Amino acid sequence: MKILSRRFYSQNTIKIAQELLGCFLVREYRGKIMKVIITETEAYIGENDLACHASRGRTPRTEVMYGVPGHAYVYMIYGMYHCLNVVTEEKDFPAAVLIRGGINPSPALPLAKGESPGFPLWQRGTKGDLNGPGKLCRFLKIDRKLNTWDLTKSEKLWIEERDSKIKLPKVIKSRRIGIDYAKHCKEYLWRYSLSSRT
DNA sequence: TATACGATCACCT
DNA sequence: GGTGATCGTATAC
């Protein structure tokens with residue numbers, strides 16, 4: 001499986017946020033490999049985006065967003081959860097994609113009622129459903145130790161391109177979550193998800 | 001140094 | 001629908 005390249009991460013953030021859907025987020029932890037299919041993302045773009053952490057400029061925390069694309073931006077939220085972002089666009093332009101949700105496609109997972117083998121992975125039931133950035137990071141053992149991690153090598157944390165043979169459902173665009181403070185920016189349709197969820 | 005609050009989640013009514 | 005947990009960060013003092 002091919003690892004997403006620096007070149008991929010240097011593209012337009014909205015495009016990346018959509019193209020990450022269906023890709024595999026891979027975590028290597030204590031010698032084990034965990035893979036999750038990305039099903040939900042949000043774009044945070046530039047200092048003019050009032051929802052973006054970089055809207056208040058360069059700080060020690062947001063420095064990574066200004067750096068080379070293809071690195072991880074991991075921060076703690078509400079004192080108890082972590083959120084994983086991938087840094088996008090060119091160096092010195094602060095932007096990132098928040099990974100908000102995924103599906104654990106492990107074949108060991110029991111199928112939910114009404115599901116058959118071969119059931120589309122992103123329509124699987126709750127057993128493998130990692131809906132929410134906090135839950136996703138908790139499952140994949142992602143915390144601030146992985147902040148600034150380079151995602152373009154096959155160590156600890158990376159993303160692999162999606163299987164082109166698998167047809168993805170329509171991408172749903174909606175408002176971003178939990179950013180009521182962001183004034184007009186909260187109206188932007190910068191949240192992207194596969195159609196089994198809203 | 002002090003304080004306010006958040007790119008969340010689980011549990012409650 | 002609402003609320004509490006819990007702490008890093010930004011900002012005010």
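**Close-up 1. Tyr78 meets a base of DNA strand C.** In this predicted model, a polar backbone atom of Tyr78 sits 2.4 Å from a base oxygen of DNA strand C. Tyr78 also turns up among the closest residues to DNA strand B.

**Close-up 2. Thr59 and Arg144 reach for the backbone of DNA strand C.** Here the partners are phosphate oxygens: a polar side-chain atom of Thr59 comes to 2.2 Å from one, and a polar side-chain atom of Arg144 lies 3.0 Å from one.

**Close-up 3. The protein surface around DNA strand C.** Besides Tyr78, Thr59 and Arg144, the residues around this strand are Arg56, Arg61, Met76, Gly79 and Met80. Sort them by type and you get three nonpolar, two polar and three charged. Looking at the DNA side, 76% of the strand C atoms within 4 Å of the protein are sugar or phosphate, and the rest belong to bases.

**Close-up 4. Backbone atoms of the protein touch DNA strand B.** Ala51 goes for a base, with a backbone N or O atom 3.3 Å from a base nitrogen of DNA strand B. Gly132 and Lys135 go for phosphate oxygens instead, with backbone N or O atoms at 3.3 Å for Gly132 and 3.1 Å for Lys135. Helix 3 (133–140) is one of the elements giving two or more residues to this surface, along with strand 3 (72–77), strand 4 (81–87) and strand 5 (95–103).

**Close-up 5. The protein surface around DNA strand B.** This strand has 22 residues around it, with His53, Tyr75, Tyr78, Asn85 and Tyr181 the closest. Helix 3 chips in the largest share, four residues. By type, the surface splits into 13 nonpolar, six polar and three charged residues. Of the strand B atoms within 4 Å of the protein, 51% are sugar or phosphate and the rest are from bases.

Methods: Residues are numbered from 1 along each chain as its sequence is written. Chains are lettered from A and ligands numbered from 1 in the order in which they are written. This is a predicted model: local features need pLDDT of at least 70, side-chain atom pairs count only at pLDDT 80 or more; totals for chains, interfaces and linings use all residues. Side-chain values use heavy atoms; hydrogens and water are left out. A residue is near a molecule or strand if one of its heavy atoms lies within 4 Å of it. A polar contact is a pair of N or O atoms within 3.5 Å; within protein, one must be able to donate a hydrogen and the other to accept it, and residues adjacent in sequence count only if both atoms are side-chain atoms. Ala, Val, Leu, Ile, Met, Phe, Trp, Tyr, Cys and Pro count as nonpolar, Asp, Glu, Lys and Arg as charged, and the others, Gly among them, as polar.
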